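Work through the exercises below with the sequence and the model open. Each task is followed by a solution in steps.

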Amino acid sequence: MSKKSEIVENQHYVPKLYLRNFCKHKDQIAVYIKSSGKSFFTNIVNVANENYFYDNEEIDKSNQKKQFLEKYFHPLEDRMKILLNNLLNQLKFGKFSNFTNDERIDISMYLVYQYMRTKEQREMFGQLNQELIQMYADEFIQSEGEDSSKYKVEVDGKYFHTRLLLDESMMDKITLSLYKKLWVILENNTEMPFLTSDHPVAKYGHLGNEIRSMSGFNSKGVEISFPLSPKYLLSIIDEGYASFMHNLDDKIIQANEQNILHYNSLQIIHSYNQIYSNVNSFNLAKEILDEEPLLKEPDRSRIKHITSSSSRPL
């Protein structure tokens, strides 16, 4: 039986090919567990994973292939492994000049799927659908003269999540939006490494406010950040907001400690439950989680309450 046809039990929603860039020794990575406050080194096979995470009998049957979704990512991961290794080698030896159009497309697509495929995104998408369906159910029940508080809708987050991942039209549109933005690489020469996590693609809305996060992939002022290694981070920024940075497209800039604290904070805040590093030092995580203890809870609410007069979160 070939490796491609084997049943995969331990399914990673952050690929090992990426996590290896944050290992201190061979396949050994430092992990901080937000819910327990414990940190330790472990093999990358033990992190950012869940048994049969993508398995869906209905999808397998309709596509006539066992574990269709788990194996759906393999070609993209194979391309990204080559791209990421080449990019890091170019950066290491001072040979990086620019991203080609093909590289931008492939990396953009990988980042979109990486953002969408995680445990954190499954929780977010499940809660959003739960809230929306509950809102419409409450309105219908109340229109029938019943007490809606007696009824609670139960939503299967995995059901919605697995179907979201197969929406190629939506994925292609988001991929194109990333492709068109400004791409900047931050180089870290401080003693503070870039962190990553079990949800490594982070979005930040520079124009966000209390009402709207402005952190959608197409929002004005949005920045998508992706740590490449403890030393390098890719920042993809809305060109309309950052027009003053136009001359920095495809350039490498030096990150200062404030930059690194900002990007590391995004990994800590937006991760599901695990933060990763090449060193077992997570003081920033402890500080942030002490100030915001709800972030320690894997089952925490991730969306603001939706009412019939409110718009969907961006």
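## Exercise 1: one residue and its surroundings

Gln-90 has a relative accessible area of 28%, so this residue is partly exposed. The model is a predicted one.

**Task.** Place Gln-90 in its helix and find its contacts beyond the neighbours within four places in sequence.

**Solution.**
1. Gln-90 belongs to helix 4, which covers residues 74-92.
2. Buried would require a value under 20%, and exposed one over 50%; with 28%, Gln-90 is therefore partly exposed.
3. With neighbours within four places set aside, Gln-90 touches Lys-95 and Phe-96.

## Exercise 2: a sheet around strand 2

**Task.** Determine which strands pair with strand 2, and give the strand order of the sheet.

**Solution.**
1. Start with strand 2 itself, residues 28-33: five of its six residues are buried.
2. Strand 3 (residues 39-43) runs antiparallel to strand 2, and five bridges join the two. Within this pair, Gln-28 is opposite Asn-43, and Val-31 has Phe-40 as its bridge partner.
3. Look at the link between them: strand 2 and strand 3 make a hairpin with five residues in between. Gly-37, in the turn, has a positive phi of about 80 degrees.
4. Strand 11 (residues 274-277) also pairs with strand 2 in the antiparallel sense, over four bridges. Here the bridge partner of Val-31 is Tyr-276.
5. The result is an open sheet of four strands in the order 3-2-11-6, paired antiparallel. Strand 3 and strand 6 (196-197) are its edge strands, as each pairs on one side only.

## Exercise 3: the buried side of a helix

**Task.** In helix 7 (residues 157-164), identify the buried residues and work out how they are placed around the axis.

**Solution.**
1. The buried residues are Gly-157, His-161, Thr-162 and Leu-164.
2. These residues span an arc of only 155 degrees around the axis, so they lie on the same side of helix 7.

## Exercise 4: nonpolar cores

**Task.** How many residues does the largest nonpolar core have, and which have the most contacts inside it?

**Solution.**
1. The largest nonpolar core has 51 residues.
2. Those with the most contacts inside this core are Tyr-18, Leu-19, Leu-111, Met-116, Leu-228 and Leu-234.
3. Elements that each supply at least two residues include strand 2, helix 4 and helix 5 (101-116).
4. A second, separate core has 13 residues, among them Val-184, Leu-186, Ala-255 and Tyr-263.
5. Take Leu-234: beyond its neighbours within four places in sequence, its contacts include Phe-99, Ile-107, Leu-111 and Trp-183.

Definitions and conventions. Residues numbered from 1 in each chain as written. Predicted model: local features only at pLDDT ≥ 70, side-chain atom pairs only at ≥ 80, totals over all residues. Heavy atoms only, no water. Buried < 20%, exposed > 50% of the residue type's maximum accessible area, 1.4 Å probe, protein only. Arc of directions from axis to C-beta. Pairing = 2+ DSSP bridges. Contact = heavy atoms within 4.5 Å. Core = buried A, V, L, I, M, F, W, Y, C linked by side-chain atoms within 4.5 Å.
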